[in-house]
Amino acid sequence: MTPFHRLLIPALSCWAVGSAPVLLAAENDVKSASIWKVSDEDSSVYLAGSVHLLREKDMPIPPIFDEVYAVSDELIFEIDMAAMTDPAIAVKMRALGSLPAGENLGDRFSEETMTKLESYLSERNFPRGLFDRFTPGMVFLTLSSIEATRNGARPDLGLESQFYLKSEEDGKPSRGLETPEYQMSRFDEIDPENLEALVNESLDDIDQAEESLDEIISAWKTGDGEKIAELILEEMASGSPLREVLLTERNKNWIPIIEESLAGSDTVLFIVGAAHLVGEDSVVELLQKKGHEVSQLEFED
């Protein structure tokens, strides 16, 4: 697995014919969806796993996503999508991703890593000093974004953008689980050596980016939770600092918000990175441990 997986699905993103999405009978030609339904006696919420960036060739997305959207009264994303259109947020994010005055990236990374980064920038026809003022976390995010974009992945095709635009057109309210500032701060909690290792892994695996995208989007489209977990989590061992910071801590923070929505009368659709919904200590597992009924949706191929 390459580190790009960790950006595209986790971190650092639905469709029913008639009145409501249903689990189809096992004898039908069905596929699992990357969507889970959480129910109590009188209400339910939906947890849709997202790939934050998708490509033209990945369209259309499985119609079950539209069906679940249609019966939902409110959407909740990892971050408030409306805030992401605010120019002030963009300025703040640039500031958060910049090193303090008087520092440059060479003060944080080894000479070997800096040489590798400069070689990468030269090959991609970027200025050699592009990363000089970036924090290590911003370097990792920018590398991932550059390579995803080179392979045709775009944020406007990702689930978050598609369904936020739908919600705006339809007048459905939406909000976020976290702030952009909080998401950026997660990288401050990662040991500098681990973060530099992530950047080096990204550079070493550059040529595998397209193949990685194909694998993970295929698993996401068919709702193959085990495969998604294998691709995303195999290098993030349970209890590791990286997994704790980027996934587990955040999953635990979201449980009370999901339970609050479940206690209400509205149908709420949560759209979050798919890695948050699979594997050990996922949102799905944490809800099940608390006694909630959680079922994965299926749809006809």
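**Salt bridges**

Begin by selecting Arg 55, Lys 57, Asp 58, Glu 210 and Asp 214: in this predicted model, these residues are linked in a network of salt bridges. A search of the whole structure finds 20 salt bridges. Three further pairs merit individual inspection.

Select Arg 154 and Glu 56 next. Their closest N and O atoms are 2.9 Å apart, and the two residues form a salt bridge. Because Arg 154 belongs to the loop between H5 and H6 and Glu 56 to the loop between S2 and H2, the pair ties together parts that are 98 residues apart in sequence. Arg 154 counts as partly exposed, at 29% relative accessibility.

Then display the side chains of Glu 74 and Arg 175, which meet in a salt bridge with an N to O distance of 2.6 Å. This pair links distant parts of the chain, with Glu 74 in strand S3 and Arg 175 in strand S4, 101 residues apart. The two partners may be viewed with the surface switched on: Glu 74 is buried, at 14% relative accessibility, whereas Arg 175 is partly exposed, with a relative accessible area of 33%.

The third pair is Glu 147 and Arg 124, a salt bridge whose closest N and O atoms are 3.0 Å apart. Glu 147 lies in helix H5 and Arg 124 in the loop between H4 and H5, 23 residues apart. Glu 147 is buried, with a relative accessible area of 1%, and Arg 124 is buried as well, at 17%.

**The sheet**

Switch to a cartoon of the whole protein, in which there are 12 helices and six strands. The six strands form an open sheet with mixed pairing, in the order S4-S3-S5-S2-S1-S6. Which strands stand at the edges? They are S4 (174-178) and S6 (293-300); each has a single partner strand, so one side of each is left without a neighbour in the sheet. On average, neighbouring strands of this sheet are turned by 30° against each other, direction ignored.

Select strand S3 (74-79). Six of its six residues are buried, so S3 is largely enclosed by the rest of the structure. With S5, strand S3 pairs in the parallel sense over four bridges, and here Phe 77 stands opposite Ile 271 of S5. Strand S3 also runs parallel to S4, to which four bridges join it; Leu 75 stands opposite Ser 174 in S4.

Move to strands S1 (residues 30-39) and S2 (residues 44-50), which run antiparallel and are joined by five bridges. To locate this pairing, select Lys 37, whose bridge partner in S2 is Tyr 46.

**Helices across the sheet**

Add helix H6 (residues 159-170), which lies across S2, S3, S4 and S5 (268-273) and runs at about 145° to S3. Helix H11 (residues 241-263) also packs on the sheet, where it touches S1, S2, S3, S4 and S5. The direction of H11 makes about 145° with that of S4.

**A buried threonine**

Turn to helix H4 (residues 111-123) and select Thr 113 within it. Is this residue buried or exposed? Thr 113 counts as buried because its relative accessibility is 2%, under the 20% cut-off. Its side chain is joined to that of Glu 196 by a polar contact of 2.5 Å. With neighbours within four places in sequence left aside, Thr 113 is in contact with Glu 196 and Asn 200.

**Backbone geometry in the loops**

Most residues other than glycine have a negative phi, and most peptide bonds are trans. The following stops depart from that pattern.

- Met 59 and Pro 60: the peptide bond from Met 59 to Pro 60 is cis, with omega near 0°. Pro 60 is placed in the loop between S2 and helix H2 (64-70).
- Asn 125: phi is near 60°, a positive value. Asn 125 is found in the loop between H4 and helix H5 (136-150) and counts as exposed, at 72% relative accessibility.
- Asp 281: phi is likewise near 60°. The residue lies in the loop between S5 and helix H12 (283-289) and is buried, with a relative accessible area of 17%.

**The whole surface**

Finish with the full molecular surface. The protein exposes about 13500 Å², of which carbon and sulfur atoms supply 48%. Of its 301 residues, 53% count as buried.

Conventions. Residues are numbered from 1 along each chain as its sequence is written. This is a predicted model: local features need pLDDT of at least 70, side-chain atom pairs count only at pLDDT 80 or more; totals for chains, interfaces and linings use all residues. Side-chain values use heavy atoms; hydrogens and water are left out. Helices (H or I, at least four residues) and strands (E, at least two) are DSSP runs, numbered from the N terminus. Buried means under 20% relative accessible area, exposed over 50%, partly exposed in between (1.4 Å probe, protein chains only). Accessible areas come from the Shrake-Rupley method with a 1.4 Å probe; for residues, only the protein chains shown count as cover. A polar contact is a pair of N or O atoms within 3.5 Å; within protein, one must be able to donate a hydrogen and the other to accept it, and residues adjacent in sequence count only if both atoms are side-chain atoms. Contact means heavy atoms within 4.5 Å. Two strands pair if DSSP finds at least two bridges between them. Axes are lines fitted to C-alpha atoms, for helices over the stretch in contact, and angles run from 0 to 180 degrees between N-to-C directions. A salt bridge is a side-chain nitrogen of Lys or Arg within 4 Å of a carboxyl oxygen of Asp or Glu.
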